[in-house]
2 protein chains.
Amino acid sequence: MDMQLKRGLLDVCVLAAIRSEDSYGYKIIKDLKPYIVLSESTLYTILKRLESAEMLTVRTAEHDGRLRKYYRITDMGRHRIEEFKREWAEILSIYRFVIKEDEKND
Amino acid sequence: MDMQLKRGLLDVCVLAAIRSEDSYGYKIIKDLKPYIVLSESTLYTILKRLESAEMLTVRTAEHDGRLRKYYRITDMGRHRIEEFKREWAEILSIYRFVIKEDEKND
DNA sequence: CGTAATACATCGTATCACGAGGTATATGAT
DNA sequence: ATCATATACCTCGTGATACGATGTATTACG
């Protein structure tokens with residue numbers, strides 16, 4: 001998938017991945033893989049950005065003698081998802097425009 | 001609309017705006033305004049990028065004693081629109097994932 | 001005992017949208 | 001006449017950011 005199209009979807013996907021229950025870096029990447037592929041360096045950049053924006057909180061916990069950083073969504077994070085749903089209407093309108101222009105030539 | 005979401009949509013919107021008939025900078029911005037707002041500096045960057053990628057060709061013509069640069073879509077440009085339509089399926093799948101995760105909490 | 005998987009992190013690079021600023025002509029209002 | 005607005009083009013600098021490359025450390029498996 002085109003990299004440019006992924007932008008803007010990535011943040012909200014990561015938020016969606018931790019919405020139901022707290023998760024950690026490696027698991028988020030695996031959970032998202034069927035929908036959108038992202039590298040570790042990209043994910044950690046996003047997680048830090050979302051933390052700065054107070055859309056998630058971080059907590060370090062031990063698991064099998066190893067430290068994991070668990071990420072939990074905040075109200076602002078949930079709000080971002082709601083906002084995305086509203087933006088979706090605009091994206092749909094753009095999509096229809098592209099398709100409509102297309103039909104003029106068929 | 002979120003800037004990141006616009007990326008990836010912009011190129012294909014510009015291509016769609018010149019698909020039916022050749023157009024020029026100022027007109028493209030006005031035609032796209034109902035769907036997506038973009039500044040002149042952004043548009044000219046995109047037009048150059050699309051020209052480099054051979055998705056459109058440029059021709060200068062006089063109109064009312066003033067020079068205009070008309071942009072015409074190429075086969076590769078049309079191919080890009082077709083590609084976008086295929087990518088749309090992936091975007092839809094991502095959208096459904098975000099919505100699905102959402103419902104678990106309602 | 002070495003290879004893969006898990007799990008974290010940083011740095012540099014390339015891409016890109018946009019604001020700010022610049023040039024020039026035509027049109028309409030004062 | 002003059003000034004503002006619209007048309008029409010362009011460049012430069014900046015900030016945001018996705019990702020490959022690279023590094024560290026532990027666990028699991030064959």
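**Contacts along chain A.** In this predicted model, 48% of the contacts in chain A between residues at least 6 apart in sequence join residues at least 24 apart. Buried residues account for 45% of the 106 residues in chain A.

**Helices and strands of chain A.** Chain A contains five helices and three strands, and, read from the N terminus on, these elements follow the order α-α-β-α-α-β-β-α. With a radius of gyration of 17 Å, well over the 13 Å that the globule rule gives for 106 residues, chain A is more spread out than a compact globule. Taken along the principal axes, the box filled by the C-alpha atoms of chain A is roughly 65 × 25 × 20 Å.

**Surface and charges of chain A.** The area that chain A exposes is about 6,000 Å², and carbon and sulfur atoms supply 48% of this area. Among the side chains of chain A, 20 are positive and 19 are negative, and the centres of these two sets lie 4 Å apart.

**Chain A laid on chain B.** A turn of 180°, combined with a shift of 0.0 Å along the axis, lays chain A on chain B with an RMSD of 0.1 Å. The two copies are therefore related as by a two-fold rotation axis.

**The interface of chains A and B.** Of the interface residues of chain A, 100% are also interface residues in chain B, so the copies meet through the same surface.

Technical notes:
Residues are numbered from 1 along each chain as its sequence is written. Chains are lettered from A and ligands numbered from 1 in the order in which they are written. This is a predicted model: local features need pLDDT of at least 70, side-chain atom pairs count only at pLDDT 80 or more; totals for chains, interfaces and linings use all residues. Side-chain values use heavy atoms; hydrogens and water are left out. Helices (H or I, at least four residues) and strands (E, at least two) are DSSP runs, numbered from the N terminus. The radius of gyration is taken over C-alpha atoms; the globule rule is 2.2 Å times the number of residues to the power 0.38. Buried means under 20% relative accessible area, exposed over 50%, partly exposed in between (1.4 Å probe, protein chains only). Contact means heavy atoms within 4.5 Å. Accessible areas come from the Shrake-Rupley method with a 1.4 Å probe; for residues, only the protein chains shown count as cover. Lys and Arg count as positive and Asp and Glu as negative; His and the chain ends are not counted. The place of a charge is taken as NZ of Lys, CZ of Arg, CG of Asp or CD of Glu. Copies are superposed by least squares on the C-alpha atoms of residues with pLDDT of at least 70 in both.
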